[in-house]
Every structure is written in C-alpha cells, then in structure tokens.
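Grab a pencil and work through two short exercises on the model below. Try each task before you read its solution.

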Amino acid sequence: MCQQKRSNTMERQTQDIYGNTLNFYAITHDHLTDCKEYVISKEAFSFKRWLIFMTIFSSLAFYCEFYNTDANFLGVFLFILCVVLVLKLHLKVKQESLLVIASLGLQLTTTFVTGRKESQFIFNQNIYDVVINEGMYMHRIIFYLAVLLRDIKEPLKISHIIPLFQHTFPRLDCLEKIYNGVQNAFQNTHYKSKIWK
C-alpha cells in the first residue's frame with residue numbers, strides 16, 4: 001500500500017508475556033507519506049516442544065499397549081490426530097503487523113503459518129484514539145494496545161475496542177514504541193491538516 005522507495009528498518013528482539021522470543025520490526029517506508037509499519041513475528045514451529053510432546057505421547061502409547069490394538073482403531077486414531085494437526089497449523093499465527101498511514105488510517109494484518117493472511121482496515125475518521133490498556137488474561141494482568149472506535153451517531157463516544165497483537169502478546173516496552181510511533185504519526189497529520197485549512 002505504501003511506496004517503499006526509502007525504507008528504513010529497525011529490528012530488535014523482544015519477548016512476549018510468556019518469555020518467548022519475538023522479532024520486532026519498525027519499518028519507515030517513505031518519509032513523505034507518513035507511512036510506518038510495525039511487525040511482530042514469532043517462531044512458527046518449536047522443535048523442542050514437538051520433541052517433548054512426541055516423547056511423552058510415544059511413552060504413553062507404549063505404556064497403554066496401542067501396538068496390540070485393532071488396526072481399524074489405530075487408523076481412526078491417526079486420522080483424528082492428522083485432522084487436529086492440520087487445524088492447529090491452519091490457525092497458528094506467525095506474524096502480526098500494523099501499518100500506519102496517518103492520512104488514511106490503520107491496517108491490521110495477521111499472517112498464519114500456512115501463508116493465509118487476514119487484514120482489517122480502519123479509516124482515520126472512525127478512530128477515536130489508540131491506547132495502551134490493561135486487562136485480565138488467564139489469571140494475569142497484561143498490557144495490550146487497542147484502537148478505540150468512534151461511535152457514528154455520537155462522535156464523542158466510543159463504540160468498539162479493537163485489541164491489537166492479540167496472538168503475539170508483546171510486552172509493555174514493545175507496545176510503548178508502537179504507541180509512540182502511532183501517536184506521533186497521527187499528531188503530525190492532524191497538525192498539517194490544520195495548517196492547510
């Protein structure tokens with residue numbers, strides 16, 4: 001969507017709320033269009049977790065003597081395992097990005113392990129604000145970035161809250177960098193639009 005004539009990329013590693021490693025990229029596409037992109041990606045496949053799961057599963061199957069059971073039962077069991085694996089891979093997220101085009105709005109993109117992408121665009125006039133909020137998740141308090149949507153009928157009220165990066169769960173330090181970049185982009189555009197009026 002943005003021209004990538006002069007792209008300036010800042011890359012660093014950070015962690016999610018569980019302590020897993022995330023890669024954080026802040027990409028400035030072109031200084032004339034106020035176009036920035038924030039990308040957070042995580043490891044798509046954990047070999048260590050897979051090895052531990054397979055060791056436990058094989059030990060359990062050997063202990064329960066699955067090798068002595070009926071072949072039809074084993075076929076159905078393996079089919080169910082394959083279906084579960086395909087569904088898990090189809091729903092597993094490897095990357096989330098937030099594209100900020102200050103004059104137009106925000107584009108949220110989720111990329112799955114299978115290559116499937118889901119995108120959502122939020123127009124500028126629908127955005128009330130972008131905030132860092134705190135919430136309860138699995139018996140812990142976490143911080144998350146959220147877009148507050150303006151109510152169409154009453155512009156001073158909030159109609160919806162859209163949480164961002166809800167699959168990668170970056171920590172507060174990463175959220176603060178994204179928040180500051182989004183706020184700076186929107187403030188610069190708001191300031192320029194006042195000058196031109």
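Two exercises follow, one on a glutamate and one on a sheet.

This is a predicted model, so local features need pLDDT of at least 70, side-chain atom pairs count only at pLDDT 80 or more, and totals for chains, interfaces and linings use all residues. Residues are numbered from 1 along each chain as its sequence is written, and side-chain values use heavy atoms, with hydrogens and water left out.

**Exercise 1.** Work out where E96 sits and which side chain makes a polar contact with the side chain of E96.

*Solution.*
- Step 1: find the place. E96 belongs to strand β4, residues 93–101 (strands are DSSP runs of E, at least two residues).
- Step 2: check burial and charge. E96 is buried (under 20% relative accessible area, 1.4 Å probe, protein chains only). E96 has no salt bridge (a side-chain nitrogen of Lys or Arg within 4 Å of a carboxyl oxygen of Asp or Glu). K42, the nearest side chain of opposite charge, is 7.0 Å away.
- Step 3: look for polar partners. The side chain of T168 makes a polar contact with that of E96 at 2.8 Å (N or O atoms within 3.5 Å, one able to donate a hydrogen and the other to accept it; residues adjacent in sequence count only if both atoms are side-chain atoms). A polar atom of the E96 side chain also lies 3.2 Å from the backbone nitrogen of H167.

**Exercise 2.** Lay out the sheet that holds β7, β8 and β9.

*Solution.*
- Step 1: get the order. The 3 strands form an open, antiparallel sheet, β7-β8-β9 (strands pair if DSSP finds at least two bridges between them).
- Step 2: pick out the edges. These are β7 (127–136) and β9 (158–164), each pairing on one side only.
- Step 3: inspect one pairing. Between β7 and β8 (residues 141–150) there are 9 bridges, and G135 stands opposite I142 in β8.

Technical notes
Helices (H or I, at least four residues) and strands (E, at least two) are DSSP runs, numbered from the N terminus. Buried means under 20% relative accessible area, exposed over 50%, partly exposed in between (1.4 Å probe, protein chains only). Lys and Arg count as positive and Asp and Glu as negative; His and the chain ends are not counted.
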